[in-house]
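I opened the notebook on this entry to look up how its strands are covered and paired, and how its copies are related. The notes below follow the order in which I looked.

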Number of protein chains: 2
Amino acid sequence: MSDIEVPESHPRYQSLLTRHRIEDGVEKGITSPQGLIAQGRGEAFDYLLGERTLPSVDRAERVAAAHLLRARHPVLSVNGNVAALVPDELITLAEATGADLEVNLFNRTEERIHAIVDHLREHGACEVKGTTADERIPGLDHERAKVDADGIYDADVVLVPLEDGDRAQALAEMGKTELVIDLNPLSRSPQTAAVPIIDNVIRALPNITTHARDLADASSDQLDDVIAGFDPETVLTETERAIRTGGD
Amino acid sequence: MSDIEVPESHPRYQSLLTRHRIEDGVEKGITSPQGLIAQGRGEAFDYLLGERTLPSVDRAERVAAAHLLRARHPVLSVNGNVAALVPDELITLAEATGADLEVNLFNRTEERIHAIVDHLREHGACEVKGTTADERIPGLDHERAKVDADGIYDADVVLVPLEDGDRAQALAEMGKTELVIDLNPLSRSPQTAAVPIIDNVIRALPNITTHARDLADASSDQLDDVIAGFDPETVLTETERAIRTGGD
């Protein structure tokens, strides 16, 4: 986390780091113009949210960790923004939960897929899926439907940060447990999710990893206890209220 | 307004048009990565605002029109996003108020300045300032301080859409009357402005033009009456409340 020449104590460190990484992502062909606009939308919601992880969201992140640990085949879906912003954090979470990493883009081009795979490998990822693209998610346009047969297609639990609504819905209709990270509680993807995580990926990923490490030795029953009684509506309602009123 | 193949009746026409123009702006070298992120931030605030011009904002737009008509030397400051999104609307407003157009960028490069000047000329602008850059706004870094001596430097009234806080403040300190269009009522530039216009530029510019045409034959006294009693705080408070609560 020290790729900019600003001390971590700087009040705008996080924001400057984010900006630097996103611009770096554009230079590397990882982040698309639409990805930059999405980043800006997220910044506005995060600003209104007070740039913090609310208690109900922290709970959702713990539940997400339990789902990933409990899964037969968990996959972390990676797009251009997430790859640019939190490459190390993605790899760490994949390691902590035994999840696969799969690059999956809204505006898919082979060039961007490979740029992102290379970027994750540079950051230490061993295996990155998403280049085979030998299966399709039912109900989506050709390019947007492409996934790996032994990746997202086979997964029972998928973490999709910053996903578009159509694909979030299509994945849910395949019966997968979806964990969605999105800063807008009113958008369709978190509303479709089994676990909506209304948080900045920069805070969410390390926190899910912390919970996963904390739960590493938990039994299946104990993980089920963490998951039981989780109400996605509570997170959506509380975060919308925080955004609207500025309170908790 | 028909540069995309979608009927104007389409429910998402405005949003698709915006997206198309911004992407076109990127291709032409007009819109910067930071401009795309700013666009996304604006989209989020506009979404929470209900994508409409509130009554207090319509009043601010009428006051802005009166200021432009009353000015000795009004200038419309043009950045990459505005040039990409509303080139025709900028030119029409300049004509309706006798204002100059001046390209003025936060991330200034000669290449982008010229790309934007060319873009505005393609859309029918005769004179576009911003290439001479023979004066400086006091109190800003070298590149960000550059303005034309016979443009923004000489102006008494400046319309700055989507301006950054430092420059908005520096312009205000030069004693200029600043009209700022920005969708975030909490950001520093509208808070510094004589007339904060919390609206999407796509709605704001045509509406200021409508008011300017309506006031075209007004006397100086009548224009002063429009301006008198305008309270910028009311706009900021009402728009923040609308964003927070979803109401008017």
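I began with strand 1 (residues 74–78) of chain B and found it mostly covered, 5 of its 5 residues being buried (buried means under 20% relative accessible area, exposed over 50% and partly exposed in between, with a 1.4 Å probe and protein chains only; strands are DSSP runs of E of at least two residues, numbered from the N terminus). This is a predicted model, in which local features need pLDDT of at least 70, side-chain atom pairs count only at pLDDT 80 or more, and totals for chains, interfaces and linings use all residues. Residues are numbered from 1 along each chain as its sequence is written, chains are lettered from A and ligands numbered from 1 in the order in which they are written, and side-chain values use heavy atoms, with hydrogens and water left out.

I then took the two faces of strand 1 of chain B separately: B:Pro74, B:Leu76 and B:Val78 are buried on one side, and B:Val75 and B:Ser77 are buried on the other. In a regular strand the side chains alternate between the two faces of the sheet.

Next I looked up the partners of this strand, where pairing requires that DSSP finds at least two bridges between two strands. Strand 1 of chain B runs parallel to strand 5 (residues 157–161) of chain B, joined by 3 bridges, and B:Pro74 stands opposite B:Val157 there. Strand 1 of chain B is also joined to strand 2 (residues 100–103) of chain B, again in parallel, by 4 bridges, with B:Glu102 as the bridge partner of B:Ser77.

In chain A I traced the sheet itself, which is open, has 5 strands in the order 2-1-5-6-7 and pairs in parallel. Strand 2 (100–103) and strand 7 (195–197) of chain A are at its edges with a single partner strand each, so one side of each has no neighbour in the sheet. Within chain A, strand 1 and strand 5 pair over 3 bridges, and A:Val75 stands opposite A:Val158.

Which relation links the two chains? A turn of 180° with a shift of 0.0 Å along the axis lays chain A on chain B with an RMSD of 0.0 Å (superposed by least squares on C-alpha atoms of residues with pLDDT of at least 70 in both), and that is the relation of a two-fold axis.

Last, I checked the cysteines: the structure holds 0 disulfides over all chains (a disulfide is a pair of cysteine sulfur atoms within 2.5 Å). A:Cys126 counts as exposed at 72% relative accessibility, and B:Cys126 is exposed at 73%.
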